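The following exercises are intended for a reader who is new to this structure. Each task is followed by a solution in steps.

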Amino acid sequence: MSGTNRLRVPIELQCSLFFSETEIVVPVRDIQEWGELDKCIIFPYDVAFFAGIEAYKPWEHVHKHIPDLLGKWKEIEESCRTYFTERQAKRALEPMKEGIALLFMMLFWVHGKPVYLQDWPLHVDTLDIKPVNVVERLTFIMQGPARYHAFIQLSELFRELEKHYVKNQIKNRLRQ
């Protein structure tokens with residue numbers, strides 16, 4: 001399969017913050033292997049998985065992709081910091097959405113799972129590797145992603161999740 005497909009947003013990923021329409025265009029040829037995370041479509045691998053399209057599954061190789069996710073976050077974080085410093089909060093909305101999406105990817109992918117946004121608090125509660133009070137904090141962020149305090153909270157969640165991930169990796173190595 002090549003080209004692009006117009007797909008219905010899978011029920012598992014329906015969330016008005018990320019998908020304002022019921023259909024999206026998925027670049028099928030671009031998700032057959034790991035590539036640069038494209039801001040045009042959020043959760044491309046997860047969408048393909050739930051739509052039954054054969055595509056790369058980064059959650060099966062997450063350890064190779066954590067540096068990419070964190071690197072992308074650093075770029076987004078810098079953009080957001082600039083927008084908030086210049087008091088251009090409206091311009092921070094789209095990068096903040098991308099950052100929130102990256103956090104969800106990292107949260108789920110480190111557990112070998114695709115992202116679930118439908119009833120996400122229930123799914124996130126079952127995860128082992130996560131920051132303290134992540135559901136409450138993410139709820140706060142998602143209720144007003146273009147606020148400075150949401151940005152600070154998102155930055156902290158990334159730092160904490162990275163620490164938990166590294167700690168878990170070290171524990172797993174020591175067990176082997």
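**Exercise 1: Salt bridges around E77**

The side chains of E77 and K74 form a salt bridge with an N to O distance of 3.7 Å, where a salt bridge is a side-chain nitrogen of Lys or Arg within 4 Å of a carboxyl oxygen of Asp or Glu. The model is predicted, so local features need pLDDT of at least 70 and side-chain atom pairs count only at pLDDT 80 or more, while totals for chains, interfaces and linings use all residues. Residues are numbered from 1 along each chain as its sequence is written, and side-chain values use heavy atoms, with hydrogens and water left out.

Task: Place E77 and K74 in the structure, state which other salt bridges E77 forms, and name the network that results.

Solution.

1. Both E77 and K74 belong to helix α2 (residues 62-85), three residues apart, about one turn of the helix. Helices (H or I, at least four residues) and strands (E, at least two) are DSSP runs, numbered from the N terminus.
2. R81 also forms a salt bridge with E77, with the closest N and O atoms 3.4 Å apart. R81 and E77 are four residues apart in helix α2, and therefore separated by about one helical turn.
3. A further salt bridge joins the side chains of R159 and E77 (3.6 Å, N to O). This pair links distant parts of the chain, with R159 in helix α6 and E77 in helix α2, 82 residues apart.
4. Salt bridges that share partners join K74, E77, R81, E156 and R159 into one network. The structure holds nine salt bridges.

**Exercise 2: Accessibility within the network**

Task: Decide whether E77 is buried or exposed, and classify K74, R81 and R159.

Solution.

1. The classes are buried (under 20% relative accessible area), exposed (over 50%) and partly exposed (in between), using a 1.4 Å probe and protein chains only.
2. E77 is buried because its relative accessible area is 6%.
3. K74 has 44% relative accessibility and so counts as partly exposed. R81 is partly exposed at 34%, and R159 is partly exposed with a relative accessible area of 34%.
4. Not counting residues up to four places away in sequence, E77 touches F151, S155 and R159; contact means heavy atoms within 4.5 Å.

**Exercise 3: The packing of α5 and α6**

Task: Describe how helix α5 packs with α6.

Solution.

1. Two packed helices are described by the angle between their axes and the distance between the axes.
2. Helix α5 (residues 134-143) and α6 pack at about 145°, with axes 9 Å apart. Axes are lines fitted to C-alpha atoms, for helices over the stretch in contact, and angles run from 0 to 180 degrees between N-to-C directions.
3. Residues of α5 in the contact include V134, L138 and I141, and those of α6 include H149, L154 and E156.

**Exercise 4: The surroundings of α1**

Task: State how many residues of helix α1 are buried, and what they pack against.

Solution.

1. Six of the eight residues of helix α1 (residues 44-51) are buried, and the helix is mostly covered.
2. The buried residues are P44, Y45, D46, V47, A48 and F50.
3. The buried residues of α1 pack against β1 (5-8), β2 (23-26) and α3 (89-109).
4. Just after α1, G52 takes a positive phi of about 80°.
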